[in-house]
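Could you walk me through this structure while I have it open in my viewer? I would like to know what to select next and what is there at each stop.

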Amino acid sequence: MLNVHLEYGSLVQRAAQFRYLAAVSPTDRPSPSAPTVAAFLGMGVKLNPVAKPPVSTGMLICGDFNCHPEAPERSVLMDNGFVDAWMRLHGDQAPAPTLSVHARDGRHQPVCFDSVYVTEGLATRLVSIAVD
C-alpha cells in the first residue's frame, strides 16, 4: 500500500509522479524493483531513499492526487493494470467530493482529488468505498 500526496502546482511533475506509480507494480505479478524517481525526472540523482518500495502480488495506491478524476495524467495508472476502486464499485457515478466540500464563496466547486487505485487481484475483493 502506498499513500501519496502528488504535486499540485506543476502538471509536468505530477505526470512524472503518475508514471512512477504506474511503474512500481503494473500487474498482480511480482515485478522488478521500480526505477528511482530521479530516472523519471532526468536528474541523475536518487531523490528519495525509499524510491524502491517492496512489491507484492497486489497493490493499493491511495491519497491526494491533486487533479480531477478525468485528468489525462491519471490514465497511466489504468493503462498499467490499476483499477479505480470508486469506478469499479460505482460505475459512471461521479466520485464523491473531497476538496472544497464546504466552499461557500461561489468560486470553488466541490471536486474529488482523492482516490484509491488497486491492482486487478485486489479489485475483485472490493466490497465498498465511500467518502465520509
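Here is a tour that starts with the whole chain and then visits a few selected places.

**Stop 1: the whole protein**

Before selecting anything, keep in mind that this is a predicted model. Show the protein as a cartoon and you can look for 5 helices and 4 strands. Followed along the sequence, these elements come in the order β-α-α-β-α-β-α-β-α. The chain has 132 residues, and 32% of them count as buried.

Now switch on the surface. The protein exposes about 8,000 Å², with carbon and sulfur atoms supplying 57% of that area. Contacts can be looked at too: among those between residues at least 6 apart in sequence, 67% join residues at least 24 apart.

**Stop 2: strand 4 and its partners**

Hide the surface and select strand 4, residues 114-119, together with strand 2, residues 60-64. The two pair in the antiparallel sense, over 5 bridges. To see one of these partnerships, pick Cys62, whose bridge partner in strand 4 is Val116.

Next add strand 3, residues 82-84. Strand 3 and strand 4 also run antiparallel, joined by 3 bridges. Here you can pick Phe82, which has Thr119 as its bridge partner in strand 4.

**Stop 3: helix 1**

Move on to helix 1, residues 11-24. How far apart are its end C-alpha atoms? They are 20 Å apart, and this agrees with the span to be expected because 14 residues at 1.5 Å a residue should cover 20 Å.

Colour the buried residues of this helix: Arg14, Ala15, Ala16, Phe18, Tyr20, Leu21, Ala22 and Val24. As a general guide while you turn the view, an α-helix has 3.6 residues a turn, so residues three or four places apart point the same way.

**Stop 4: a cluster of rings**

Keep Phe18 selected and show side chains. The structure holds 2 aromatic pairs. In one of them Phe18 and Phe65 are stacked, with their centres 5.6 Å apart and 20° between the planes. This pair links distant parts of the chain, since Phe18 sits in helix 1 and Phe65 in the loop between strand 2 and helix 3 (75-78), 47 residues apart.

Now add Tyr117. Phe65 and Tyr117 form an edge-to-face pair, 5.3 Å from centre to centre with 85° between the planes. Distant parts of the chain are linked here as well: Phe65 in its loop and Tyr117 in strand 4 are 52 residues apart.

Taken together, the ring pairs link Phe18, Phe65 and Tyr117 into a cluster. Are these rings buried or exposed? Phe18 and Phe65 are both buried. Phe65 counts as buried because its relative accessible area is 0%, under the 20% cut-off. Tyr117 is buried too, with a relative accessible area of 0%.

**Stop 5: two cysteines**

Select Cys67 and Cys112 and display their sulfur atoms. How many disulfides does the whole structure hold? A search finds 0. Cys67 is in no disulfide, and the nearest cysteine sulfur, that of Cys112, is 9.7 Å away. Why is there no bond from Cys112? Its sulfur is 9.7 Å from the closest cysteine sulfur, in Cys67, and that is too far because a disulfide needs the two sulfur atoms within 2.5 Å.

Both residues are covered by the rest of the protein to some degree: Cys67 is buried, at 4% relative accessible area, and Cys112 is buried, at 7%.

**Stop 6: Glu7**

From Cys67, jump to Glu7. The two are 60 residues apart in sequence, and their C-alpha atoms are 9.1 Å apart in space. Glu7 lies in the loop between strand 1 (2-5) and helix 1. With a relative accessible area of 25%, Glu7 is partly exposed. Leaving aside neighbours within four places in sequence, show its contacts: Gln13, Arg14, Gln17 and Asn66.

**Stop 7: Leu122**

Finish at helix 5, residues 120-123, where you will find Leu122. This residue counts as partly exposed, at 27% relative accessibility. Beyond its neighbours within four places in sequence, Leu122 is in contact with Gly58, Met59 and Leu60. Draw a distance between the C-alpha atoms of Leu122 and Gly58: the separation is 6.2 Å, although the two are 64 residues apart along the chain.

Methods. Residues numbered from 1 in each chain as written. Predicted model: local features only at pLDDT ≥ 70, side-chain atom pairs only at ≥ 80, totals over all residues. Heavy atoms only, no water. Buried < 20%, exposed > 50% of the residue type's maximum accessible area, 1.4 Å probe, protein only. Contact = heavy atoms within 4.5 Å. Expected span 1.5 Å × (residues − 1). Pairing = 2+ DSSP bridges. Areas by Shrake-Rupley, 256 points an atom, 1.4 Å probe, with all protein chains shown as cover. Phe/Tyr/Trp six-rings, centres within 6.5 Å; stacked < 30°, edge-to-face > 60°.
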